[in-house]
Amino acid sequence: MVKNRDLLAIGHTAHDYIIRVHTFPKANFSAPITDMKTVNGGAAANVACVGAKLGLKTSLVSAVGGDFKKTEYFEHMENLGIDTESLIIVPGEKTSTAFVLTDDNEDQISYFYWGAAKEFAESKVPTHAIKNTEAVHLATGAPEFNWKCSEEAKNEDLLVSFDPGQDLGIYDAKKLKDVIENTTILFGNHHEIGRILESLETDLTGLMELGPKIIVKTCGANGSEIYSSEDKIKIDAVDVDVVDPTGGGDSYRAGFLSRFLNGESLEESAKFASTVSSFVMENQGCQTNMPSFDDAFERMNEFY
């Protein structure tokens with residue numbers, strides 16, 4: 001069983017509308033929705049919840065609506081044992097909402113209403129929360145706030161993982177570079193890593209020289225690739241019937257960090273991450289089918 005290690009996730013908590021269409025419409029056209037479900041989401045909250053389910057001691061910094069503590073989502077976090085003391089409550093605003101559309105090719109388009117998360121721009125760095133953890137995971141969220149938190153975490157000599165995700169487009173090159181310079185582990189899918197390299201006008205070697213000791217690139221059905229100064233590791237994706245890829249990346253990060261923070265190798269951490277992700281993608285929603293540590297560990301050993 002995983003030990004209780006501390007991980008602070010910083011970024012979005014959101015209500016997700018998971019929507020299925022056969023194809024994405026062109027501009028000024030419409031497409032029929034074949035399925036729609038409302039579930040708990042937000043990249044930082046996903047990492048905190050999946051990590052807690054796996055046995056990590058997680059805490060969360062998110063800006064949420066004034067009524068969030070009355071919701072089922074907040075109760076769900078409390079039941080998982082997540083430390084929510086540092087949530088930023090914004091009276092009169094709604095919690096962020098994501099609309100995630102997936103087509104028959106498993107490609108996605110997302111629309112995101114920031115709502116309460118706009119408060120990040122005016123929020124102070126959660127110094128107390130950072131000082132009381134062992135690792136900080138920066139997920140989707142405000143670039144300036146993420147940079148300030150990365151500075152504080154680096155000053156405390158903490159492990160910092162960074163996953164700009166679909167918010168990558170709101171980072172200019174300077175702010176992206178500033179955060180990456182404070183990063184220990186950089187996560188991204190193959191599209192995002194490519195965009196980061198293009199934005200910073202560098203290659204993988206140059207990117208690692210900026211700061212990250214480890215770069216983790218997920219490649220969907222083609223598995224994942226982990227780069228370090230010592231090696232490049234290729235990990236196959238666990239073969240399952242994918243119902244919904246939403247949350248696969250966030251659960252991968254939670255699985256990876258849950259093992260890496262407990263001293264496992266990059267290869268073992270990536271195998272476990274891929275396995276955790278496989279459970280989540282077997283159902284709709286980022287937190288609908290979170291595995292326990294034992295269930296994920298058993299499937300990992302069976303597959304690999």
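Which residues have the most contacts inside the largest nonpolar core? Here are some notes to help you find your way around; bear in mind that this is a predicted model.

1. **The main core.** The largest nonpolar core has 45 residues, and the ones with the most contacts inside it are Leu60, Met77, Ile185, Val216, Ile226 and Phe256. If you want to know where the biggest contribution comes from, look at helix H1 (residues 43–54), which gives the most to this core, with nine residues.

2. **A second core.** There's also a separate core of 34 residues. Leu158, Leu186, Ile193 and Leu200 are among its members.

3. **Around Ile226.** Ile226 is a good place to zoom in, being one of the residues with the most contacts inside the largest core. Setting aside neighbours within four places in sequence, Ile226 touches Ile214, Ile215, Val216, Asp231, Lys232, Ile233, Ile235, Tyr252, Phe256, Leu266 and Ala270. Val216 and Phe256 in that list also appear among the residues with the most contacts in the core.

4. **Helix H8.** Tyr252 and Phe256 bring us to helix H8, where both are buried. H8 covers residues 248–260, and its 13 residues should span 18 Å at 1.5 Å a residue; the end C-alpha atoms are 18 Å apart, so the length agrees. The helix is mostly covered, with eleven of the 13 residues buried. The buried set isn't just nonpolar names, either: Asp250, Arg253 and Arg259 are included, along with Gly248, Ser251, Ala254, Gly255, Leu257 and Ser258.

5. **Cysteines.** Don't go hunting for disulfides, as the structure holds zero. Why is Cys49 not bonded to Cys286? The closest cysteine sulfur to that of Cys49 is in Cys286, 10 Å away, which is too far for a bond; a disulfide needs the two sulfur atoms within 2.5 Å. Seen from the other side, Cys286 is in no disulfide, and the nearest cysteine sulfur is that of Cys49. Cys49 counts as buried because its relative accessibility is 0%, and Cys286 counts as buried too, at 3%.

6. **Ile19 and its strand.** Is Ile19 buried or exposed? Its relative accessibility is 7%, so Ile19 counts as buried. You'll find Ile19 in strand S2 (residues 14–21). Leaving out neighbours within four places in sequence, its contacts are Ile33, Asp35, Met36, Val100, Leu101 and Thr102. For a sense of scale, Ser59 sits 40 residues from Ile19 along the chain, and their C-alpha atoms are separated by 29 Å.

Notes. Residues are numbered from 1 along each chain as its sequence is written. This is a predicted model: local features need pLDDT of at least 70, side-chain atom pairs count only at pLDDT 80 or more; totals for chains, interfaces and linings use all residues. Side-chain values use heavy atoms; hydrogens and water are left out. Helices (H or I, at least four residues) and strands (E, at least two) are DSSP runs, numbered from the N terminus. Buried means under 20% relative accessible area, exposed over 50%, partly exposed in between (1.4 Å probe, protein chains only). Contact means heavy atoms within 4.5 Å. The expected span of a helix is 1.5 Å times one less than its number of residues. A nonpolar core is a set of buried Ala, Val, Leu, Ile, Met, Phe, Trp, Tyr and Cys residues joined through side-chain atoms within 4.5 Å.
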